[in-house]
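Thank you for making time this morning; I would like to walk you through one structure, slowly and piece by piece. Please have the sequence and the model open while I talk.

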Amino acid sequence: MSDSRPVVVIGGGLVGVCTAAYLQRAGRAVTLVDRQSARQAASLGNAGCINGSSVVPIAMPGVLWQVPGWLMQPDGPLVLRWGYLPRMVPWLMRFIAASQPARVAAQARALRALLGPALDAYQPLLDDAGANDLVTRRGYLIAYSSERGMAGDEGGMALRRENGVHIETLDAGALREFEPTLSRDFIGARYISETGHTSDPGALLARLTAQVVARGGRVVDAAATAIETNGAQAVAVHTDKGREAASAVVVAAGAWSAPFVRQLGDNLVFDTERGYHVEIAAPDEMPSRPVMWAEGKLFATPMDGRLRGAGTVELAGLQAPPNWRRADLLIRQLHKMFPGAVQGAKATQSVDGARWQGFRPSTPDSLPVLGAASKVPNAFYAFGHGHVGLTAAASTGRIIAGLVSGDRPAIDLSPFSIGRYR
């Protein structure tokens with residue numbers, strides 16, 4: 001006799017919603033549990049890019065020697081609040097180990113297997129939700145403001161090429177023709193055509209969620225507090241508003257996933273990166289596609305009626321208040337990239353109200369945690385996507401829905417297993 005209880009998905013961001021949508025396509029009843037504020041966390045404020053080419057781990061060979069220099073720059077791409085350093089030590093030790101060349105190559109292959117089908121995995125969900133207008137396929141640019149920066153990025157480009165990513169190199173003249181709004185301070189770029197972006201991540205999340213509800217899914221506006229087991233199986237999720245019976249449980253709570261992993265008896269080395277974004281409303285000029293400033297570690301993405309700049313990494317955990325200097329840095333960088341976007345007096349207006357801070361769920365090896373819990377076979381992990389949550393959401397949802405249904409996964413999930421933290 002079939003189990004009439006729903007699959008309970010903890011986490012209502014894009015990973016959780018895409019998982020719920022694919023579970024419904026597999027014939028399963030679904031309940032999404034998340035607070036309204038959490039549902040609009042990382043899924044609302046990301047750079048909007050769906051980049052199947054994002055196979056370069058954060059821990060690259062040689063990155064360890066760059067970190068002290070970054071940390072000494074108040075406006076550098078990486079900031080660590082020193083009081084948080086003791087808690088970061090286990091993460092940093094694994095980060096160093098993950099930067100070994102052989103491990104980097106393996107991590108890139110695993111990421112490509114997960115991320116390469118990103119747009120194809122989104123397509124049926126966009127069709128169902130009537131959301132094709134929110135996703136554009138124009139590729140993206142990685143732009144360089146120095147010859148040194150362009151040369152220094154060759155390692156990442158080689159990893160992409162090794163994993164089947166086609167890259168077109170543009171000199172300064174070709175870049176001017178390709179993206180005339182970009183500052184002439186940029187000396188060249190690399191163009192990757194296979195990728196896409198959404199013009200409004202928040203609207204995308206809302207429309208996919210509405211479709212889950214339209215197909216009979218429940219959305220419970222509550223904070224999940226515990227996963228109940230009977231010693232062998234997960235049977236319910238407890239929230240601050242009650243108990244939700246479950247035939248299976250999916251942990252897709254992003255930066256808030258770690259407590260559930262430990263409740264299920266697994267080990268985890270995990271932390272959060274605090275990311276920021278700023279937006280220029282009604283810009284005078286807009287790029288035609290996302291542009292990443294390689295040296296500045298900033299993504300500039302055209303949105304509906306606004307230009308968003310997103311990036312930087314701050315290591316300070318979930319509790320510290322925002323450091324709005326990071327947002328101020330982004331607005332200055334955005335102005336440097338697109339000096340024509342804000343003319344005259346508009347350039348000096350405050351960005352208050354157009355800035356945001358959120359949390360990226362970060363693993364030391366840049367690989368999310370995907371698959372079944374080691375001790376509770378009907379509990380599944382779908383978190384830790386770091387900088388690629390939007391890109392990986394639909395692919396992850398398809399994989400997890402298949403696992404819940406007992407299907408063989410289309411890719412090798414061993415690199416993503418919770419078992420790597422034993």
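Before anything else, let me fix one word: I will call a residue buried when its relative accessible area is under 20%, exposed when that area is over 50%, and partly exposed when it falls in between. Please also keep in mind throughout that what you see is a predicted model.

With that word in hand, let me begin with a charged pair, R274 and E314, both of which are buried. For E314 the reasoning is short, because its relative accessibility is 0%, and so it counts as buried. The side chains of R274 and E314 meet in a salt bridge, with 3.0 Å from N to O. Since R274 belongs to strand β15, residues 271-281, and E314 to strand β18, this pair ties together parts of the chain that are 40 residues apart in sequence. E314 has a further partner as well, for a polar contact of 2.6 Å joins its side chain to that of Y276.

In general terms, side chains of opposite charge can pair when their charged atoms come close. How many salt bridges does a search of the whole structure find? The count is 16, and I will pick out a few of them.

One of them joins E244 to R218, where the closest N and O atoms are 2.8 Å apart. This pair links distant parts of the chain, with E244 in strand β13, residues 242-245, and R218 in strand β10, residues 218-221, the two being 26 residues apart. Is each partner buried or partly exposed? E244 counts as buried because its relative accessibility is 14%, whereas R218, with a relative accessible area of 42%, is partly exposed.

Strand β13 also contributes R243, whose side chain meets that of E228 in a salt bridge of 2.8 Å, N to O. Because R243 lies in strand β13 and E228 in strand β11, residues 224-229, the pair ties together parts that are 15 residues apart in sequence. Here R243 is partly exposed, with a relative accessible area of 47%, and E228, at 25% relative accessibility, counts as partly exposed too. Finally on this topic, there is a network of salt bridges that links D200, E279, R306 and R308.

Let me turn now to the helices, and to α9 in particular, which spans residues 154-162 and whose buried residues are G156, M157, L159 and R160. Why do these residues sit on the same side of α9? They do so because they cover an arc of only 155 degrees around the axis. What covers the buried residues of α9 includes α6, β6 and β8. Just after α9 comes G164, which takes a positive phi of about 85 degrees.

For something on the surface, look at V89, M93 and I96, which make a nonpolar patch of about 250 Å². I96 lies in helix α5, residues 85-98, and with a relative accessible area of 31% this residue is partly exposed.

My last stop is G13, placed in the loop between β1 and α1, where a relative accessibility of 17% means that G13 counts as buried. The C-alpha atoms of G13 and D304 are separated by 20 Å, while along the chain these residues are 291 apart.

Notes: Residues numbered from 1 in each chain as written. Predicted model: local features only at pLDDT ≥ 70, side-chain atom pairs only at ≥ 80, totals over all residues. Heavy atoms only, no water. Buried < 20%, exposed > 50% of the residue type's maximum accessible area, 1.4 Å probe, protein only. Helix = DSSP H or I, 4+ residues; strand = E, 2+ residues; numbered from the N terminus. Arc of directions from axis to C-beta. Contact = heavy atoms within 4.5 Å. Polar contact = N/O pair within 3.5 Å; in protein donor to acceptor, adjacent residues only side chain to side chain. Patch = residues over 30% accessible without salt bridge, like charges linked within 9 Å, V, L, I, M, F, W, Y side chains within 5 Å. Areas by Shrake-Rupley, 256 points an atom, 1.4 Å probe, with all protein chains shown as cover. Salt bridge = Lys/Arg side-chain N within 4 Å of Asp/Glu carboxyl O.
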